[in-house]
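Q: I should like to learn how to read a structure of this kind, feature by feature. May we begin with the way its parts meet?

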2 protein chains.
Amino acid sequence: MSNFRTIWTTEDQYVEVIDQTKLPHELVVVKLETYDDAEEAIKEMIVRGAPLIGATAAFGIYLAVREMIEEELEPSFLDKAFSDLRASRPTAVNLFWALDRMREALDNTDDFLKTSWETAKQIVEDDVETCRMIGVHGLPLIEEISKRKNGEKVNILTHCNAGMLGCVEWGTVTSPIYQAVQKGISVHVWVDETRPRNQGSNLTCYELTKHEVDHTLIVDNTGGHLMQHGMVDMVIVGTDRTTRQGDVANKIGTYLKALAAKDNQIPFYVALPSTTLDMSIRDGLKEIPIEERNQDEVRYVIGKSAAGKIESVLICPETTKAANYGFDVTPARLVTKIITDRGVCEANEEGIAKLFPEFEEK
Amino acid sequence: MSNFRTIWTTEDQYVEVIDQTKLPHELVVVKLETYDDAEEAIKEMIVRGAPLIGATAAFGIYLAVREMIEEELEPSFLDKAFSDLRASRPTAVNLFWALDRMREALDNTDDFLKTSWETAKQIVEDDVETCRMIGVHGLPLIEEISKRKNGEKVNILTHCNAGMLGCVEWGTVTSPIYQAVQKGISVHVWVDETRPRNQGSNLTCYELTKHEVDHTLIVDNTGGHLMQHGMVDMVIVGTDRTTRQGDVANKIGTYLKALAAKDNQIPFYVALPSTTLDMSIRDGLKEIPIEERNQDEVRYVIGKSAAGKIESVLICPETTKAANYGFDVTPARLVTKIITDRGVCEANEEGIAKLFPEFEEK
């Protein structure tokens, strides 16, 4: 799509990522040289987004292997790296998938360093192709609305950032959008701010600006009103984990937008790489653990001050406590369709099984 | 309830209000000496909340009368004051009600100064009593849940600030809450942040702190998740205008909470003084004008910096544009009951007409 990626390797075979906590105000690159660095990058959300978390964790394993070899550490060091990285974020299932893939590769090799390096790089390349394919399958949904509206602008609402910044390139939600724009379809994106961490205003607005996609920032409260007034043609969101019956864990607030879409007969799509499917569970509301994060993410907002400095400002009384749930679960009944790298399907067990028969065999 | 009010008169017969744009970080009092000051206070949201807007506009008329007399201006000056104040906020119907009451009083007197002063003061006193009565009627709804839960904490979710800060004393939503707390009922309030202007985190948290009511701040995205997990027993919100069929205009995002309450069988109450009823319209979605405000309220967040200064920070790329709708309309079908100063009723034409038969006669 462009030469712009979120994670890449360096000449001295380390890894670099964009520090997403500094966007959109500063473009800061962080070098990861130890698995601790990778764990920290995931925990502190220097990298975020299910696919990018997976890719970073994979490189975290490579870095642990390298440390183990260079510093002649015990194999238990590598085991600890696996378990620490696995615990770094509880909701995103790609993280576990990437770590399992790394484990399997290491179980079948004698050359740990080379294998971990190449497998991590392959995970990154696979993500690029997966996201591209999500766009290929999602594009016709946008095209169809564009045709129905006689080429008038298609208004797409999205929540959080399931863009290239959450992946490596293309993104999941943004892949059909970027491909539509490339095809000359007129598109406008309503970007939910996505409190508490503002991935919408900080990241989605940033990458849509970079790619010159027409967009408007709204607060998370606004989507319902827009839908009531015919100002949204479709909703597309990402997901951190989707169950075999099609329940979708995604950034907190997604469920509210799904309710509003249903109430106004607006299609609500979820874009996902197959690695986000968790076929081991059915009932998302009961079975997906929801990460609780630091209350200060709610109590403070980070932005650029008049003096051009990145500042954190308190938005409530000093003594007020806050609750900070990172995700919510949207029941499958509110999801119109799922857009995957393999095609579009119904958000139910049958639809998913048809597209991913290999999961049934497991 | 306490000696703490949001608007009061001074010895030299001017008016003072709390500058609510500075809360919760600074308690700043602003003196209103001209009708321009009052208009500015409403427009800039130094005062906000439907009842307080009405009270401020009423004093604005008194100030215009005083200016007219002191400066020997033409009567057209007063007409201009009426029309300017009427245009200061488009959604809140109390504003029109208060101005109509002032007009009627002035139409029936020769002593403009005395009448406008006393009528404005009466509007303020009436609001205190109205809000107290909303509490009297709303309290049993909280008590009932408390009993059902065997005295366990009643979890109430609210959006925006329909507290004493939006009124004079007691508030609308907060009146039953304060009265429940006074009665020793265990209550906990989930406070929606309420972007873009953060009236929840700034104002509701402030007044609940002042009155020692247990509360937790959440982002606007969180309510649905809490409701899905049985962590909300009831929702109570205010309103800026309610139609004769019970459609409710309130702060943007209210509709999303109403959808979530419905989806999880949680009662959704709207607390309102009868002055907020607009019997001239039925269909809220079609007929209530929704104020669009400056996009910078979305693009920037105001809070207290580490250095203790009130700062405004940019949360998106410099070039990103934003849309800022102030209110949305919750259809009556999503409202469980309306809590008024005259009692509790169904959110439909029949229910409202039974409680307010005098409106039918008009």
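A: The size of an interface is often given as the accessible area lost when the parts come together. In this predicted model, about 5,100 Å² is buried between chain B and chain A, and carbon and sulfur atoms give 58% of that area. On the side of chain B, the residues that lose the most area to chain A are B:Asn221, B:Leu256 and B:Ile315, which together make up 14% of what that side buries.

Q: How many residues of chain B are in contact with chain A?

A: There are 67 such residues in chain B, and they are in contact with 66 residues of chain A.

Q: How should one read the charged pairs across the interface of chain B and chain A?

A: Side chains of opposite charge can pair when their charged atoms come close. Across the interface of chain B and chain A, 8 salt bridges are found. One example joins the side chains of B:Glu318 and A:Lys304, with a distance of 2.6 Å from N to O. In addition, 34 residue pairs are in polar contact between chain B and chain A, both residues being at pLDDT 80 or more.

Q: Which element gives the largest share of the side of chain B that touches chain A, and how many residues of each class does that side have?

A: Helix 9 of chain B, residues 254-263, gives the largest share, with 6 residues. By class, the side of chain B that touches chain A has 32 nonpolar, 22 polar and 13 charged residues.

Q: What rotation superposes chain B on chain A?

A: A rotation of 180°, with 0.0 Å of shift along its axis, superposes chain B on chain A with an RMSD of 0.0 Å. The relation is therefore that of a two-fold axis. The surface used is the same in both copies, since 99% of the contact residues of chain B recur in chain A.

Q: Which residue of chain B comes closest to the rotation axis?

A: That residue is B:Leu256, whose C-alpha is 2.9 Å from the axis. B:Leu256 has already appeared among the residues of chain B that lose the most area to chain A.

Q: How should one read the order of strands in a sheet?

A: The order is read from one edge to the other. Here 8 strands form an open sheet with mixed pairing, in the order 17(A)-16(A)-10(A)-7(A)-4(A)-5(A)-6(A)-14(B). Strand 17 (343-345) of chain A and strand 14 of chain B stand at the edges with a single partner strand each, so one side of each has no neighbour in the sheet. At one end, strand 16 of chain A (residues 337-340) runs antiparallel to strand 17 of chain A, and 3 bridges join them. Within strand 17 of chain A, A:Gly343 stands opposite A:Thr340.

Q: In what sense do strand 6 of chain A and strand 14 of chain B pair, parallel or antiparallel?

A: Strand 6 of chain A (residues 215-218) and strand 14 of chain B (residues 321-322) pair in the parallel sense over 2 bridges. A:Thr216 has B:Lys321 as its bridge partner in strand 14 of chain B.

Q: What is the order of strands in the sheet that begins with 14(A)?

A: This open sheet of 8 strands, also with mixed pairing, has the order 14(A)-6(B)-5(B)-4(B)-7(B)-10(B)-16(B)-17(B). Its edge strands, strand 14 (321-322) of chain A and strand 17 (343-345) of chain B, each pair on one side only. Further in, strand 10 (residues 268-272) and strand 16 (residues 337-340) of chain B pair in the parallel sense over 4 bridges, and B:Val270 has B:Ile338 as its bridge partner.

How values were computed. Residues numbered from 1 in each chain as written. Chains lettered and ligands numbered in written order. Predicted model: local features only at pLDDT ≥ 70, side-chain atom pairs only at ≥ 80, totals over all residues. Heavy atoms only, no water. Contact = heavy atoms within 4.5 Å. Buried area = accessible area lost by both parts, 1.4 Å probe. Salt bridge = Lys/Arg side-chain N within 4 Å of Asp/Glu carboxyl O. Polar contact = N/O pair within 3.5 Å; in protein donor to acceptor, adjacent residues only side chain to side chain. Nonpolar A, V, L, I, M, F, W, Y, C, P; charged D, E, K, R; others polar. Pairing = 2+ DSSP bridges. Least-squares fit on C-alpha atoms with pLDDT ≥ 70 in both.
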